[in-house]
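Got a minute to walk through a fold together? Have a look at the sequence and the model, and we'll take things one question at a time.

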Amino acid sequence: MKTPFDAFDSTTTTPDAATGIGRWSDADFVRAMREGLAPGGHAYFPAFPYPSFASRSDDDAIALYLHALPPVRNDALAKREQDPAE
């Protein structure tokens, strides 16, 4: 998504390891949801944290987003990583 400030990749909660969050640990996921921090420590803005996750247990959020959905490759993100000029 291009904005006047910068280009941002839209978030994806697919458990695809190449283009999603499939390499994240359960703790990485919970930290992103609750604190808005990526596994590497940088802040997600404006996508995370989601206030609606505050009422869910860690186990429910992990089960729903890391383990219940089939992986879907984000081809747009993969293409942008190969050709960042677009």
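What follows is a set of questions and answers about this predicted model.

Q: Which order do the elements of the protein run in, from the N terminus on?
A: Start with the tally: there are 3 helices and 0 strands. Reading from the N terminus on, the elements therefore have to be helices throughout, and the order is α-α-α.

Q: How much of the protein do buried residues make up?
A: Buried here takes a relative accessible area under 20%. The protein has 86 residues, and the buried share of them is 26%.

Q: Which helices each supply at least two residues of the largest nonpolar core?
A: That core has 11 residues, among them Phe29, Val30, Ala32 and Met33, along with Ala61, Ile62, Tyr65 and Leu66. Helix H1 spans 26-35, and helix H2 spans residues 58-67. The helices that each put in at least two residues are H1 and H2.

Q: Which residues is Phe29 in contact with, leaving aside its neighbours within four places in sequence?
A: Phe29 is itself a member of the largest nonpolar core, as are Ile21 and Trp24. In general, nonpolar side chains tend to be buried together in soluble globular proteins. Skipping the sequence neighbours, the contacts of Phe29 are Ile21, Trp24, Ala61, Ile62, Tyr65 and Leu66.

Q: Why do the buried residues of H2 sit on the same side, and what arc do they cover?
A: The buried ones in H2 are Ala61, Ile62, Tyr65 and Leu66. An α-helix has 3.6 residues a turn, so residues three or four places apart point the same way. On the other side of H2, Asp59 and His67 are exposed. The buried set is on the same side of H2 because its arc around the axis is only 95°.

Q: Which helix is included in what covers the buried residues of H2?
A: Ala61, Ile62, Tyr65 and Leu66 are the residues of H2 that need covering, being buried. Phe29 touches each of these four. The cover includes H1.

Q: Which side chains meet in a salt bridge?
A: A search of the whole structure turns up 1 salt bridge. The pair links distant parts of the chain, 24 residues apart, with one partner in helix H1 and the other in helix H2. The N to O distance is 2.7 Å, and the partners are Arg34 and Asp58.

Q: Is Asp58 buried, partly exposed or exposed?
A: Its partner Arg34 has a relative accessible area of 33%, so Arg34 is partly exposed. Asp58 comes in at 34%, and anything from 20% up to 50% falls in the middle class. Asp58 is therefore partly exposed.

Q: How far is Asp16 from Arg73, the nearest side chain of opposite charge?
A: Asp16 is in the segment before helix H1, and Asp16 is buried yet has no salt bridge. A salt bridge needs the charged atoms within 4 Å. Arg73 misses that, at 4.6 Å.

Q: Which side chain makes a polar contact with the side chain of Asp16?
A: A polar atom of the Asp16 side chain lies 3.3 Å from the backbone nitrogen of Ala18. For the side-chain partner, the distance is 2.7 Å, and the residue is Thr19.

Q: Which backbone nitrogen does the side chain of Ser57 reach?
A: Ser57 lies in the loop between H1 and H2. With a relative accessible area of 35%, Ser57 is partly exposed. The side chain of Ser57 makes its reach at 3.0 Å, to the backbone nitrogen of Asp60.

Note on methods
Residues numbered from 1 in each chain as written. Predicted model: local features only at pLDDT ≥ 70, side-chain atom pairs only at ≥ 80, totals over all residues. Heavy atoms only, no water. Helix = DSSP H or I, 4+ residues; strand = E, 2+ residues; numbered from the N terminus. Buried < 20%, exposed > 50% of the residue type's maximum accessible area, 1.4 Å probe, protein only. Lys, Arg positive; Asp, Glu negative; His and termini not counted. Polar contact = N/O pair within 3.5 Å; in protein donor to acceptor, adjacent residues only side chain to side chain. Core = buried A, V, L, I, M, F, W, Y, C linked by side-chain atoms within 4.5 Å. Contact = heavy atoms within 4.5 Å. Arc of directions from axis to C-beta.
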